[in-house]
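Visitor: Could you take me through the aromatic ring pairs in this model, one after another? I would like the cut-offs along with the picture.

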Amino acid sequence: MKRTNKLAIWAAALLVAGVVWLLYPARGTLILEYHKICEDASPYAVSPAEFDKQLQYLADEGYTAISMQEYAAAAAGQGVLPAKPVVITFDDGYDNNYTEALPLLERHGMKGTVFVVSGYVEQYPGYLSWPQILEMQRRGMEI
């Protein structure tokens, strides 16, 4: 076969694969990772308004927020996931996870998982306190 024919076949195969990928997206669990939900210029920050828009998009698209523990249980064959699961995580345990993220998650009927750096709790400004962590957990957040 001539080189141009081989290239045309590969190009057609890639085109078909791209169309299939767009029409039939991969199944799986969407895992989102955040740090700060605040009006900060940091690359690790998302404004509350933007976070609210993202949660609304997830709700409009039919996603159901699950905890990391629920995801792990299902992956181990010990549970069943909803049709469109999403795990919403927060790293480090910033206090705005309590003051900003939690109310927005609740407004959209969602929950999240907070990975707390335990040595920072009540030790540095801007990090969660133990009472905030307990309240978040009481309100459905996974710590």
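Guide: Happy to; here is a walk through the ring pairs and the charges that sit over rings. Please keep in mind that this is a predicted model, where local features need pLDDT of at least 70, side-chain atom pairs count only at pLDDT 80 or more, and totals for chains, interfaces and linings use all residues. Residues are numbered from 1 along each chain as its sequence is written, and side-chain values use heavy atoms, with hydrogens and water left out.

Rings of Phe, Tyr and Trp (its six-membered ring) pair if their centres lie within 6.5 Å; planes under 30 degrees apart count as stacked, over 60 as edge-to-face and the rest as tilted. That rule gives 7 aromatic pairs. One of them is edge-to-face, because the rings of Phe 51 and Phe 90 have planes at 70°, with centres 5.9 Å apart. This pair links distant parts of the chain, 39 residues apart: Phe 51 belongs to helix α2 (residues 48-60) and Phe 90 to strand β5 (residues 85-92). Helices (H or I, at least four residues) and strands (E, at least two) are DSSP runs, numbered from the N terminus. Phe 51 is buried, at 0% relative accessible area, and Phe 90 is buried at 0% too; buried means under 20% (1.4 Å probe, protein chains only).

Next come Tyr 94 and Tyr 127, whose planes are at 25° and centres 4.9 Å apart, so this pair is stacked. Both Tyr 94 and Tyr 127 are buried, and they form one aromatic cluster with Tyr 120 and Tyr 124. Over the ring of Tyr 94 sits the charged end of Lys 36, 4.9 Å from the ring centre; this label requires NZ of Lys or CZ of Arg within 6 Å of the centre and within 35 degrees of the ring normal.

Methods: Buried < 20%, exposed > 50% of the residue type's maximum accessible area, 1.4 Å probe, protein only.
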